[in-house]
Amino acid sequence: MLGLRCIVGDVVCGGLLRRTCLRLPPLPQRCFLSEGGSGSSARLKLRTRLLVSLLFGGSLLAGWRFVYLEKQQRQRQIRLDQLRKVSLGQGTFSLLDQTGRRRTKRDFLGRWVLLYFGFTHCPDICPEELDKLSSAVTALDQDPLLPPVQPLFITVDPQRDDVPALARYVQDFHPRLLALTGTPEEVQHAGRDYRVYASAGPKDDDGDYIVDHTVLIYLVSPDGLFLDYYNRSKSEEKIVESVKNHIRNHKGLDQ
Amino acid sequence: MSAPNSSERKACWDSRDLLWKCLDDNGDRAESCLKFQGEFESNCPAQWVKYFSKRRDYLQYKAKMETEGFKPAEGPKQPS
């Protein structure tokens, strides 16, 4: 940088501004000194200048990277705190699975869970979403480095979806799929925990009805924290990718 | 009355798709597709027939919105 100023100073001094230059003695004098000196001392000055610049630039980069990583960590923590505040899935549920065995929220701690609320009399949406869920879990199973993900189905139609109904229903999907039901109060409690909307429609002559409900697949972490959700438009590939990312980052936060 | 299993669901969906294809080919004229309508209604629970009919109306409406655009309803005429 000093070199540049010397050149500029020389040009300026050489021109019409000679009188002004004389009023600023230090700069031209220093330039004459370095110009007048031997070639090796000029090269030395250049080398030290380069070294200083590199060190300065390097430390700038390192500082910037440190700040960037800190920011990423802080953002991750903020998001986690936000999710905790929303506190979906913080409660406990106690339901029966398709073999009649009682399962509570506690049973699923330590496992990654993909959770879907639906009902067995569903015309198309629930089978499609459960197919997608099953394929996603199968795809995740292929990776030996990942922990096994638990697919979970909770009914929003406890009046009709009893234990035998669930046992029949799960046969069409992933072998590890667990389906849960219970009394209307128990089911409502679980649904409320995830702020699931469910509303049974009018019954027809057969007593058949359709339950309008939130269509979402929830991702729950091993410490029972709701981490993410996937709607109808998320493809199986996107879900697999997102779950993998969450698993990787989750480990990172614990370190 | 238990819920349809996987093969029953598929039978219902297939007959629905045949009906819808017939309707698409015949400009939505129900009279031309009575046979498919009958198949569809016998393969699917009554609730599903209603549900899928509404779904077809919705899908057609959605397609119309995407191609022709949205025309807001005319409000009350303002006095000039």
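# Notebook: a predicted two-chain model

**Entry 1. A surface patch on chain A.** I began with the surface and found a nonpolar patch of about 460 Å², made by L61(A), W64(A), Y68(A) and L69(A). I note at the outset that the model is a predicted one. I then looked up one member of the patch, L69(A), and located this residue in helix α4, which covers residues 39-86 of chain A. Its relative accessible area is 42%, so I recorded L69(A) as partly exposed.

**Entry 2. Chain A as a whole.** I next recorded the overall figures. The secondary structure of chain A comprises 8 helices and 9 strands. Of the 255 residues in this chain, 39% are buried. I also looked up the contacts in chain A with a separation of 6 or more, and 70% of them are between residues 24 or more positions apart. The accessible surface of chain A is about 15500 Å², and carbon and sulfur atoms account for 59% of that surface.

**Entry 3. A buried acid.** Which side chain of opposite charge is nearest to D161(A)? I found that it is R160(A), at 5.7 Å, and that D161(A) is buried yet has no salt bridge. A salt bridge requires a nitrogen and an oxygen within 4 Å, so the distance of R160(A) does not qualify. I placed D161(A) in the loop of chain A between β4 (149-155) and α6 (163-170). I did find a polar contact for this residue: the side chains of D161(A) and T120(A) are joined at 2.5 Å. With neighbours within four places in sequence set aside, the residues in contact with D161(A) include G118(A), F119(A), T120(A) and H121(A). T155(A), L166(A) and T181(A) also belong to that list.

**Entry 4. Salt bridges in chain A.** I noted 14 salt bridges over all chains. One of the pairs I examined is R176(A) with D141(A), whose closest N and O atoms are 3.0 Å apart. This pair links distant parts of the chain, 35 residues apart: R176(A) is in the loop between α6 and β5 (178-181), while D141(A) is in helix α5 (residues 125-141). I checked the exposure of each partner. R176(A) has a relative accessibility of 30% and therefore counts as partly exposed. D141(A) has a relative accessible area of 31%, so this residue is partly exposed as well. I also recorded a network of salt bridges that links E128(A), E129(A), K132(A) and R232(A).

**Entry 5. An arginine with two acidic partners in chain B.** I turned to R56(B) and found a salt bridge with D24(B), the closest N and O atoms being 2.9 Å apart. D24(B) lies in helix α1 (residues 6-25) and R56(B) in helix α3 (residues 46-68), so the pair links parts of chain B that are 32 residues apart. Are these two residues buried or exposed? D24(B) is exposed, because its relative accessible area is 53%. R56(B), in contrast, has a relative accessibility of 9% and so counts as buried. I found that R56(B) also meets the side chain of D28(B) in a salt bridge, at 2.5 Å from N to O. D28(B) lies in the loop between α1 and α2 (34-43), so this pair ties together parts that are 28 residues apart in sequence.

**Entry 6. Two residues with positive phi.** Most residues other than glycine have a negative phi. I looked up two residues that differ from this pattern. The phi of D28(B) is near 65°, a positive value. D28(B) is partly exposed, because its relative accessible area is 37%. R195(A) likewise is not a glycine and has a positive phi, of about 50°. I located R195(A) in the loop of chain A between α7 (184-193) and β6 (198-200). Its relative accessibility is 59%, so R195(A) counts as exposed.

**Entry 7. A buried serine in chain B.** Finally I looked up S15(B), which is found in helix α1 of chain B. Its relative accessible area is 4%, so S15(B) is buried. Which residues does S15(B) contact, leaving aside its neighbours within four places in sequence? They are E39(B), F40(B), N43(B) and C44(B). I noted that S15(B) and E39(B) are 24 residues apart along the chain and that their C-alpha atoms are separated by 6.4 Å. I closed the entry with the side chain of S15(B), which reaches the backbone oxygen of C12(B) at 2.9 Å.

Definitions and conventions
Residues numbered from 1 in each chain as written. Chains lettered and ligands numbered in written order. Predicted model: local features only at pLDDT ≥ 70, side-chain atom pairs only at ≥ 80, totals over all residues. Heavy atoms only, no water. Patch = residues over 30% accessible without salt bridge, like charges linked within 9 Å, V, L, I, M, F, W, Y side chains within 5 Å. Areas by Shrake-Rupley, 256 points an atom, 1.4 Å probe, with all protein chains shown as cover. Helix = DSSP H or I, 4+ residues; strand = E, 2+ residues; numbered from the N terminus. Buried < 20%, exposed > 50% of the residue type's maximum accessible area, 1.4 Å probe, protein only. Lys, Arg positive; Asp, Glu negative; His and termini not counted. Polar contact = N/O pair within 3.5 Å; in protein donor to acceptor, adjacent residues only side chain to side chain. Contact = heavy atoms within 4.5 Å.
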